[in-house]
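This report walks through one protein chain, from a single side chain and its surroundings to the chain as a whole. Please keep the sequence and the three-dimensional view at hand while reading.

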Amino acid sequence: MPPLTTRLDATRTTRLTTRTKSLLAAALLAALAGCGIADPAPEPRGGAKKEAAALPAVPKKAAPAGLPGMPPVLDPKDVYAADRPNKLSPVVKGFPSRVYVPNTNSNTVSVIDPATYQVIETIPVGIQPQHVVPSWDMKTLWVNNNRGHTLTPIDPSTGVAGKPVEVHDPYNLYFTPNGKYAVVMASLDRELVFRDPHTMERKKTVPVSCYGVNHADFSADGRYFVVSCEFSGELLKVDTEKMEVIGQQRLPFEGAMPQDVKISPDGKTFYIADMMAHGMWVLDGEKFTTPQLLPTGKGCHGLYISRDSKEMYVPNRGEGSISVFDFAQDRLTKKWWLPDGGSPDMGGVSADGKVLWLSGRYDSEVYAIDTTTGKQLARIPVGGGPHGLAVYPQPGRYSLGHTGIFR
């Protein structure tokens with residue numbers, strides 16, 4: 001999006017106030033008094049004040065209301081206030097705790113029991129599953145079979161997969177904060193497709209000029225969302241209600257490859273992981289001005305918020321590490337290294353907040369990491385090309401999609 005051009009007015013106009021004119025008139029009369037010219041009647045007292053009082057008051061700009069139908073924000077200072085440890089919704093409270101791992105190269109989903117760190121089931125799905133996405137109402141897990149052009153529903157209460165639903169190019173999946181639409185990130189089709197969140201019937205298709213739409217997150221009020229375009233190194237700003245692109249910019253880095261997107265707890269800043277710039281972009285979502293790069297590590301890929309909203313875990317896929325960003329200090333404070341290397345990618349945080357789960361994209365494995373010490377707790381073999389795994393259930397009132405963005 002091109003920067004705004006400042007226009008300078010070359011003409012300056014000098015206006016004399018009523019008081020200035022009165023003073024000049026008084027000085028002129030004093031000079032003419034010696035010539036026998038009488039003083040005129042005095043100006044009424046308070047004339048200047050009356051004129052000032054007549055000026056219209058400048059109206060205060062009202063804050064924009066939230067997206068219609070969106071559940072009210074619990075804490076204006078923390079969009080993740082509903083995600084506290086073990087604060088499970090009644091909808092998901094009885095679901096068994098599992099880690100669902102889509103294996104892109106094996107066309108399966110590995111199901112891990114986090115209590116034993118063992119794969120307890122392998123579910124066949126469609127071609128090239130990319131992410132496992134909790135639905136807005138949190139009752140369904142959708143497996144995004146990108147090249148199979150289907151979504152496979154999984155019932156998280158039983159772990160049983162249902163009949164696949166035809167959806168073209170579902171690289172990733174999100175839901176508007178009011179639950180009105182599912183938003184399919186059709187990466188190769190170069191489209192944002194708004195669909196019915198239950199039947200997945202197409203409602204509106206938004207063509208985009210960037211290439212490789214893949215990840216997103218919504219503003220605190222739900223009015224807009226920021227989308228990363230992986231293959232053209234661009235960002236989009238999209239009006240949620242109008243379903244229109246309202247901003248677009250190219251990242252200021254040659255070969256940029258933006259990935260995951262997350263908003264800060266206070267709702268003021270968006271962070272965008274970039275696997276080629278080896279860090280995350282820090283963006284003012286409202287102004288949508290050029291973001292600044294904060295280096296984290298080689299192959300920066302995912303972004304996950306701690307259960308107390310104080311930290312963000314940033315896996316660096318290209319070097320086998322996880323950077324830890326402190327929101328209050330506005331800086332990176334720690335870096336955890338996987339003891340035997342690896343390719344930490346997408347994942348999520350356990351319901352109690354004690355374990356960070358990440359897929360090892362190029363190593364056919366999943367990592368469980370202690371969020372207090374950074375120690376690796378387990379390294380679990382899974383299928384080929386594990387990608388956007390979902391830890392489920394998680395705390396929150398509703399899901400915005402991806403591997404689990406809850407509000």
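In which segment does His-402 lie? In this model, which is predicted, His-402 is found in the segment after β29, a strand that covers residues 390–392.

**The surroundings of His-402**

The relative accessible area of His-402 is 0%, and His-402 is therefore counted as buried. Leaving aside residues up to four places away in sequence, His-402 touches a set of residues that includes His-131, Val-132, Val-133 and Pro-134, and also Asn-172, Leu-173 and Tyr-174. His-215, Asp-260, Lys-262 and Met-346 are likewise touched by His-402. With one of these neighbours, Asn-172, the side chain of His-402 makes a polar contact of 3.2 Å.

The segment after β29 also holds Pro-393, and the peptide bond that leads from Tyr-392 to Pro-393 is cis, with an omega near 0 degrees.

**Backbone angles in two loops**

Most residues other than glycine have a negative phi, and most peptide bonds are trans. Against that background, two loop residues deserve a look. His-278, although not a glycine, has a positive phi of about 60 degrees, and its place is the loop between β18 (269–274) and β19 (279–284). With a relative accessible area of 32%, His-278 counts as partly exposed.

Asp-330, also not a glycine, has a positive phi of about 55 degrees and sits in the loop between β23 and β24. Is Asp-330 buried or exposed? Its relative accessibility is 54%, so Asp-330 counts as exposed. The two strands on either side of this loop, β23 (residues 321–326) and β24 (residues 331–337), pair in the antiparallel sense over 6 bridges, and within that pairing Phe-325 stands opposite Leu-332 in β24. The hairpin that β23 and β24 make has 4 residues between the strands.

**Salt bridges**

Side chains of opposite charge can pair when their charged atoms come close. How many salt bridges does the structure hold? There are 13 of them, and the table sets out three, with the distance between nitrogen and oxygen.

| Acidic residue | Basic residue | N to O distance |
|---|---|---|
| Asp-78 | Arg-84 | 2.6 Å |
| Glu-234 | Arg-250 | 3.8 Å |
| Glu-365 | Arg-379 | 3.1 Å |

In the pair of Asp-78 and Arg-84, the acidic partner Asp-78 is buried, with a relative accessible area of 7%, whereas Arg-84 is partly exposed at 26% relative accessibility.

The salt bridge between Glu-234 and Arg-250, whose closest N and O atoms are 3.8 Å apart, involves two strands. Glu-234 belongs to β15 (residues 234–239) and Arg-250 to β16 (residues 244–250), so this pair ties together parts that are 16 residues apart in sequence. Glu-234 is buried, its relative accessible area being 8%, while Arg-250 has a relative accessible area of 55% and is exposed.

The side chains of Arg-379 and Glu-365 meet at 3.1 Å, N to O. This pair links distant parts of the chain, 14 residues apart, with Arg-379 in strand β28 (residues 376–381) and Glu-365 in strand β27 (residues 365–370). Arg-379 is partly exposed at 25% relative accessibility, and Glu-365, at 12%, counts as buried.

Arg-317, Asp-345 and Arg-361 are joined into one network by salt bridges that share partners.

**A nonpolar patch on the surface**

Which residues form a nonpolar patch on the surface? Leu-188, Tyr-211 and Phe-231 do, and together they have about 270 Å² of accessible area. Of these, Tyr-211 is found in the loop between β12 (202–207) and β13 (213–218) and, at 33% relative accessibility, counts as partly exposed.

**The chain as a whole**

The protein chain contains 2 helices and 29 strands, and 52% of its 407 residues count as buried. About 19200 Å² of the chain is exposed, and carbon and sulfur atoms supply 55% of that area. When contacts between residues at least 6 apart in sequence are considered, 47% of them join residues at least 24 apart.

Definitions and conventions
Residues are numbered from 1 along each chain as its sequence is written. This is a predicted model: local features need pLDDT of at least 70, side-chain atom pairs count only at pLDDT 80 or more; totals for chains, interfaces and linings use all residues. Side-chain values use heavy atoms; hydrogens and water are left out. Patches are made of residues with over 30% relative accessible area and no salt bridge: like charges are joined within 9 Å, nonpolar side chains (Val, Leu, Ile, Met, Phe, Trp, Tyr) within 5 Å. Accessible areas come from the Shrake-Rupley method with a 1.4 Å probe; for residues, only the protein chains shown count as cover. A salt bridge is a side-chain nitrogen of Lys or Arg within 4 Å of a carboxyl oxygen of Asp or Glu. Buried means under 20% relative accessible area, exposed over 50%, partly exposed in between (1.4 Å probe, protein chains only). Contact means heavy atoms within 4.5 Å. A polar contact is a pair of N or O atoms within 3.5 Å; within protein, one must be able to donate a hydrogen and the other to accept it, and residues adjacent in sequence count only if both atoms are side-chain atoms. Two strands pair if DSSP finds at least two bridges between them.
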